[in-house]
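Got your viewer open? Load the model and let's take a walk through it.

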Amino acid sequence: MGQVAWKGLFLSLFDYKTEKYVIAKNKKVGVLYRVVQLSILAYLVGWVFVVKKGYQDTDTSLQSSVITKLKGVAFTNTSELGERLWDVADYVIPPQSVNIPDARCYKDEDCPQGEAVVAGNGVKTGRCLKDKDSIRGTCEILAWCPVEKRSKPKHKPFSSRKPLLASAENFTVYIKNSIRFPKFKFSKMNVLATDNESYLKSCRYSTEHPYCPIFLLGNIVQWAGSDFQEMASEGGVIGIQIEWNCDLDKAPSECNPHYSFSRLDNKFAEKSISSGYNFRFAKYYRDAEGVDYRTLIKAYGIRFDVMVNGKAGKFNIIPTIINIGSGLALMGAGAFFCDLVLLYLIKKSNFYRGKKYEEVKSSSRKSLSSPAVNGNQSPEPLGGL
């Protein structure tokens, strides 16, 4: 018996299976089939080709450069600084970090001469300074003294606090952005191409003027969901996102920058002690006796992080053919699903299986009796449930 089974399995390898088309007069399965077809067609046309533009080749390797300039003048009169005029050279300053570390020692060997202090306040002189009866002392450090004044202004409610540069709300920020998509050799800028030299002096960015790169500082903070006077007092970080999504099958004028603004520091986090933004800078001078002095200023300011991303697409026959082929394959999967319903899930599934699958053996003496294999006859219609 085992040999017969193995022989039958071996001989079945040489059987040839050909399709047999059967028209099943079953409205339920027919409606299901059309719904599946329409769903696949809607997905292919609506999502793949219209929304995702599956007929295009894309380039996401965006090359970008950003240049920023801040303009504005402010006048202040305080007890600490007196009357002072602030311009770009005064309030656009790179951040620095200052701290006072511990430099404890027991003997001079614990203070190697020339060794830098961890926080960068100065270098050790090689001397360990002690009080008369003290065993432990402090390394002498060649540095600016005092490093930083620790006293702070008395706390006032926000409504009564006024930032030093409160008028900076009307300062302007110039953001020049140039982009290039190397695959398509396409370049563009966020500045209007015009010969009018006075355009950049008078324009301000808005939805009506998307190619004016001049932004009001107060508007940027407002678009980020914050209050300018509060941010000017405590500092903060603003993220400026520039997005270029370009359909190069259209005119170059249709490729436009889209801006979004968000606050990046932890201001909106509950019980956060690291919100805001501040930095330190120094002003140096020398007195008549040749002694060097400096004024260390801890400033609370606004930092801008400009981020650029985007992609470009253009028609290409290769992704078009690939997506069409994927759609046709889904059509075949839909037909396979409806076959499973017809042959296994409905009440008369056994009847339909008997009509769909038929074994035909060739004979030299007898003619084929099945009308389904007669090439001159139409497919056999089958009744419903």
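The tour starts with the whole chain and then follows one helix.

This is a predicted model, where local features need pLDDT of at least 70, side-chain atom pairs count only at pLDDT 80 or more, and totals for chains, interfaces and linings use all residues. Residues are numbered from 1 along each chain as its sequence is written, and side-chain values use heavy atoms, leaving out hydrogens and water.

**Whole chain.** Switch to cartoon view: the protein chain has eight helices and 17 strands (DSSP runs, H or I of at least four residues for helices, E of at least two for strands, numbered from the N terminus). Of its 385 residues, 29% are buried (under 20% relative accessible area, with exposed over 50% and partly exposed in between; 1.4 Å probe, protein chains only).

**Helix α2.** Now select residues 27-51. The end C-alpha atoms are 33 Å apart, which agrees with the 36 Å expected for 25 residues at 1.5 Å a residue (that is, 1.5 Å times one less than the number of residues).

**Its start and end.** Show Asn26, which caps the N-terminal end of α2: a side-chain oxygen lies 3.2 Å from the backbone nitrogen of Lys28. Just after α2, find Lys53, with a positive phi of about 50°.

**The buried residues.** Which residues of α2 are buried? Colour Val29, Val36, Ile40, Leu44, Val48 and Phe49 to see them. Next, show α7 (317-345), which is part of what covers them.

**Last stop.** Pick Leu330 in helix α7. Leu330 counts as partly exposed because its relative accessibility is 35%.

Definitions and conventions:
Contact means heavy atoms within 4.5 Å. A polar contact is a pair of N or O atoms within 3.5 Å; within protein, one must be able to donate a hydrogen and the other to accept it, and residues adjacent in sequence count only if both atoms are side-chain atoms.
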